[in-house]
Amino acid sequence: MARKIGSRYTAHQILGRGSAGTVWLGEGPEGPVAVKILRDDLAADQELVGRFVQERTALLGLDHPHVVAVRDLVVDGNDLALVMDLVRGTDLRTRLNRERRLAPEAAVAITADIADGLAAAHAAGVVHRDVKPENVLLDMEGPIGPGGAHPALLTDFGVAKLIDTPRRTPERAAGRAPATKIIGTPDYLAPEIVEGLPPRAAVDIYALATVLYELLAGFTPFGGGHPGAVLRRHVTETVVPLPGIPEELWQLLVQCLAKAPASRLRAAELAARLREQLPGLAGIAPLEVDEPDSDETEPPAAPEEPAAPARDTPRRAAVSLVPGAPARDGANRDTHTSMRVPAPDELAGGARGTARAPRAAGAPRPGSARHRAEQRRRRLRLTLAAAATAVALAVAGYAATQSDPPSPTAPVRHGPGTGP
Ligand SMILES: Nc1ncnc2c1ncn2[C@@H]1O[C@H](COP(=O)(O)OP(=O)(O)OP(=O)(O)O)[C@@H](O)[C@H]1O
């Protein structure tokens, strides 16, 4: 059913839902648009509405071929809506769900597009803060590029920042400082965010490198298990090499996944370095990497706060522009985690060696349930072997002490001439 948004737009049909609201296919004075109508509880938040209006200039000013342009911001009664360019295609998560892993050339072409978009945003002083495959749209009507990749565009600019509000919490009302909350998507969060530092442009580079790793491997480098364990790995673990990845590409990934933000490349340089590698990646098949086992038993790093925003968050039920694409899920890939910044001792004392280490086909991941079961079996085999050796030695020793006269229990060989 058509829905009027302000005086200029009509929303016709739901394209999909995210954690901040619902995206509609709409119509404006200049043709078709995508309209993101923010959740009712966000729209009812006066502080947020104020910032939404304040952010207008930054959001509306971003015009780049690899950024989904925000054309208008509408505050209409209870509705708070972002009017965006309509991208006819699919989001990168849907493509990844379908294909599991992309060939390096296509993965790098998509990542380079997004790095270009980030370079423009960073130059304008805007940090995205929620780079992930869900926020990358593939324009199926655009020209086909290297590796058969359609142009990639980054969307949802400024939305994470809009929602990341110092709310009027009970602690604040009582004059106490509330625990610093992390708002972001655990799998893609840069370590400095986990440590409570303000997010700068380098957090987008870390998140984009995580996306590139995921496109190549089929899983994120530090994901899996409880969100607390994921946050801790970002801070404490180093990324494990992907079998078969071209060395130059690996070096680029490692540099952009550096724990120190200053060591990461800037977006423009990353885009240029990725594009330089494209010719050498032509024709390389998707990497053969085994999916790590998920380990749900890891303890949390930091106790979760009551997930107030999540309570109102509609369950994801993304309707892709590509018919038949599966609905998406995965708590560590959702934006609003309601986690607090873990204390330093919680970060230092965490489980080690739990990163989703890629393995040669068939080998279990260190720390995984399968790996632990294999270790248990190995320990059992060693214990049995040790016990058998001990029994054999004991028997031999006993036999030696009882050799004259022969023990009634010791086997007596009756050779020729020894018989009765
Ligand atoms: N400009 C657009 N044009 C076409 N489709 C869009 C556009 N923006 C978003 N969509 C589609 O709408 C759906 C929901 O997008 P939305 O940005 O609300 O959520 P998300 O990014 O998946 O999740 P989250 O908000 O938690 O990051 C996605 O499936 C996406 O493909």
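## A first look at the strands and helices

A hairpin links strand β2 to β3 by way of three residues. Welcome to this structure, which is a predicted model. Another good landmark is an open sheet of three strands, ordered β7-β8-β9 with antiparallel pairing. The points below go through the strands near the start of the numbering and then turn to that sheet and its helices.

**Strands β1, β2 and β3**

- Strand β1 covers residues 3-5 and strand β2 covers residues 9-17; the two run antiparallel and are joined by three bridges.
- Across this pair, R3 faces A11 of β2.
- The hairpin of β1 and β2 has three residues between its strands, and G6 there adopts a positive phi near 65 degrees.
- On to the next pair: β2 and strand β3 (residues 21-28) are antiparallel, with six bridges joining them.
- One pairing to look for is I14, whose bridge partner in β3 is W24.

**The sheet β7-β8-β9**

- The three strands of this open sheet pair in antiparallel fashion.
- Its edge strands, β7 (89-91) and β9 (152-154), each pair on one side only.
- On average, neighbouring strands of the sheet are turned by 25 degrees against each other, direction ignored.
- Strand β8, residues 136-139, runs antiparallel to β9 and is connected to it by three bridges.
- Within that pair, L138 has A152 of β9 as its bridge partner.

**Helices on the sheet**

- Helix α4, made of residues 92-99, lies across β7, β8 and β9 and runs at about 80 degrees to β7.
- Helix α5 (residues 104-123) also packs on the sheet, where it touches β8 and β9.
- The direction of α5 makes about 35 degrees with that of β9.

Notes:
Residues are numbered from 1 along each chain as its sequence is written. This is a predicted model: local features need pLDDT of at least 70, side-chain atom pairs count only at pLDDT 80 or more; totals for chains, interfaces and linings use all residues. Two strands pair if DSSP finds at least two bridges between them. Helices (H or I, at least four residues) and strands (E, at least two) are DSSP runs, numbered from the N terminus. Axes are lines fitted to C-alpha atoms, for helices over the stretch in contact, and angles run from 0 to 180 degrees between N-to-C directions. Two residues are in contact if their C-beta atoms, placed from the backbone, lie within 7 Å.
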